[in-house]
2 protein chains.
Amino acid sequence: VLVGITDTVFEESIAVARYAAEQGADAVVLAPPYYLSASQPELLDYVGAIVAQLPLPLVVYNIPVLTKVAFEPETVQKMTQFERVVGVKDSSGSIPYLRKIVACLSQRPDWSLLTGRDDLLAETICLGGHGGVCGGANVFPRLFVTLAKAAREGDVNLVASLEVQVANVGAKLYTVGRDMPGFIKGIKCALASLGICDDAMGGPLLRFDTAERQLIAERVSELQSDLAGILSD
Amino acid sequence: VLVGITDTVFEESIAVARYAAEQGADAVVLAPPYYLSASQPELLDYVGAIVAQLPLPLVVYNIPVLTKVAFEPETVQKMTQFERVVGVKDSSGSIPYLRKIVACLSQRPDWSLLTGRDDLLAETICLGGHGGVCGGANVFPRLFVTLAKAAREGDVNLVASLEVQVANVGAKLYTVGRDMPGFIKGIKCALASLGICDDAMGGPLLRFDTAERQLIAERVSELQSDLAGILSD
């Protein structure tokens with residue numbers, strides 16, 4: 001269990017990490033502060049200062065679409081000096097970026113390199129990464145586990161056919177809303193339609209309306225049918 | 001005195017506003033939550049919900065370069081229904097945007113329309129706005145007060161010559177760092193060189209180094225000479 005501690009205030013990140021540790025989390029995940037953009041030397045100092053106070057190991061999280069600034073590969077390279085950093089989660093969608101992070105793994109073979117994108121899970125593994133924190137895996141975990149396994153085994157035909165299904169999940173669940181919030185709303189709404197959790201969003205974001213929820217529920221049913229043959233035991 | 005209460009957490013904004021009210025602030029200033037981007041209907045609901053709980057009047061703050069999402073003019077138009085909203089601060093740098101906000105003033109002649117940009121103070125006033133929250137005014141208040149007065153009086157020749165000086169301030173103080181943090185560091189460092197305040201930044205941002213501070217101090221002296229003739233009594 002990885003818990004996000006990204007915040008614009010250093011002390012708030014520490015406080016959330018302490019709570020996560022008390023609750024039994026395995027590690028925490030940190031993206032750059034996301035109002036004013038720090039420089040790369042500032043981000044390096046920041047991560048060094050925060051790991052010194054964290055009660056759990058840290059996964060560095062690169063998601064420039066939300067934070068505006070990236071942890072550049074040269075900065076991640078320097079973070080290999082921090083023992084308590086144990087991996088990188090990348091949601092940039094950039095294969096060249098991933099390749100540069102893979103290059104850091106020679107200095108830290110203990111690191112985990114995870115993608116945050118459904119559509120790059122297999123590519124991340126094929127390039128030398130380890131797995132993903134994929135939104136769609138909340139709804140269809142077996143699809144993503146099977147895909148990761150196929151990528152690890154080099155079964156390119158199976159990877160190709162499963163990636164079509166992953167794209168299908170995205171086309172059906174992530175297109176109702178807009179941008180990043182729509183993607184999250186789609187996943188939460190799909191989980192709600194399966195009775196797994198409530199689809200309440202943190203304010204000011206609002207859950208989908210009745211018509212949108214109905215549409216998502218229908219699409220989840222369709223996807224279950226689509227995936228039944230592929231993922232049957 | 002206007003106090004910023006922008007936050008990704010509703011309750012934190014309220015808490016800062018309460019503290020600001022206790023300390024005697026006149027109003028609070030709120031930009032959109034800046035991690036996940038809310039839609040325009042969500043932002044309208046958000047502002048409506050927050051003004052209902054604020055102990056002070058609210059200035060709506062449009063700064064999409066930092067928040068990714070803007071308060072679109074159509075949304076600001078609808079905010080004229082909120083009595084406790086008393087104005088708009090715009091740092092977008094867009095004259096077409098400013099024009100559309102000026103159009104809202106017919107429904108709310110009590111509103112203040114302020115620019116957040118040094119280089120659009122006169123234009124904002126000429127278009128029907130009221131003034132600015134200009135970074136450079138912290139260092140050279142008389143320059144900006146004189147410029148605002150010239151704009152109000154329609155003295156276009158004086159406006160033109162003072163705007164050259166405003167551009168000169170920016171060229172000298174805002175070019176040492178980078179992007180928005182560099183602009184803020186430049187202002188704080190200039191104020192520190194004048195003995196007005198310390199130039200400490202909120203982490204992870206770091207103040208300018210010794211060489212940069214020396215450069216800013218020299219440029220403040222140059223600007224004081226440049227402005228002496230223009231702004232003498």
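In which loop of chain A is A:Pro204 found? Select A:Pro204 in this predicted model, and you will find this proline in the loop between helix H9 (179–193) and helix H10 (210–231) of chain A. Now add A:Gly203 to the selection and look at the peptide bond that leads from A:Gly203 to A:Pro204, which is cis, with omega near 5 degrees. Most peptide bonds are trans.

Move next to chain B and select B:Gly203 and B:Pro204, which are joined by a cis peptide bond with omega about 5 degrees; B:Pro204 sits in the loop between helix H9 (179–193) and helix H10 (210–231) of chain B.

To see how the chains are related, display both together: a rotation of 180 degrees, with 0.0 Å of shift along its axis, superposes chain B on chain A with an RMSD of 0.0 Å. The two copies are therefore related as by a two-fold rotation axis. Select B:Tyr34 as a guide to that axis, since its C-alpha, at 3.7 Å, comes closest to the axis among the residues of chain B.

Then select A:Lys68, in the loop between helix H3 (64–67) and helix H4 (73–79) of chain A, where this residue has a positive phi of about 75 degrees although it is not a glycine. A:Lys68 is partly exposed, at 27% relative accessibility.

Finish on the surface by selecting A:Glu11, A:Glu12, B:Glu11 and B:Glu12, which gather in a patch of negative charge. Helix H1 (10–22) of chain A and helix H1 (10–22) of chain B each supply at least two residues of this patch, and A:Glu11 is exposed, with a relative accessible area of 55%.

Conventions: Residues are numbered from 1 along each chain as its sequence is written. Chains are lettered from A and ligands numbered from 1 in the order in which they are written. This is a predicted model: local features need pLDDT of at least 70, side-chain atom pairs count only at pLDDT 80 or more; totals for chains, interfaces and linings use all residues. Side-chain values use heavy atoms; hydrogens and water are left out. Patches are made of residues with over 30% relative accessible area and no salt bridge: like charges are joined within 9 Å, nonpolar side chains (Val, Leu, Ile, Met, Phe, Trp, Tyr) within 5 Å. Accessible areas come from the Shrake-Rupley method with a 1.4 Å probe; for residues, only the protein chains shown count as cover. A salt bridge is a side-chain nitrogen of Lys or Arg within 4 Å of a carboxyl oxygen of Asp or Glu. Lys and Arg count as positive and Asp and Glu as negative; His and the chain ends are not counted. The place of a charge is taken as NZ of Lys, CZ of Arg, CG of Asp or CD of Glu. Helices (H or I, at least four residues) and strands (E, at least two) are DSSP runs, numbered from the N terminus. Buried means under 20% relative accessible area, exposed over 50%, partly exposed in between (1.4 Å probe, protein chains only). Copies are superposed by least squares on the C-alpha atoms of residues with pLDDT of at least 70 in both.
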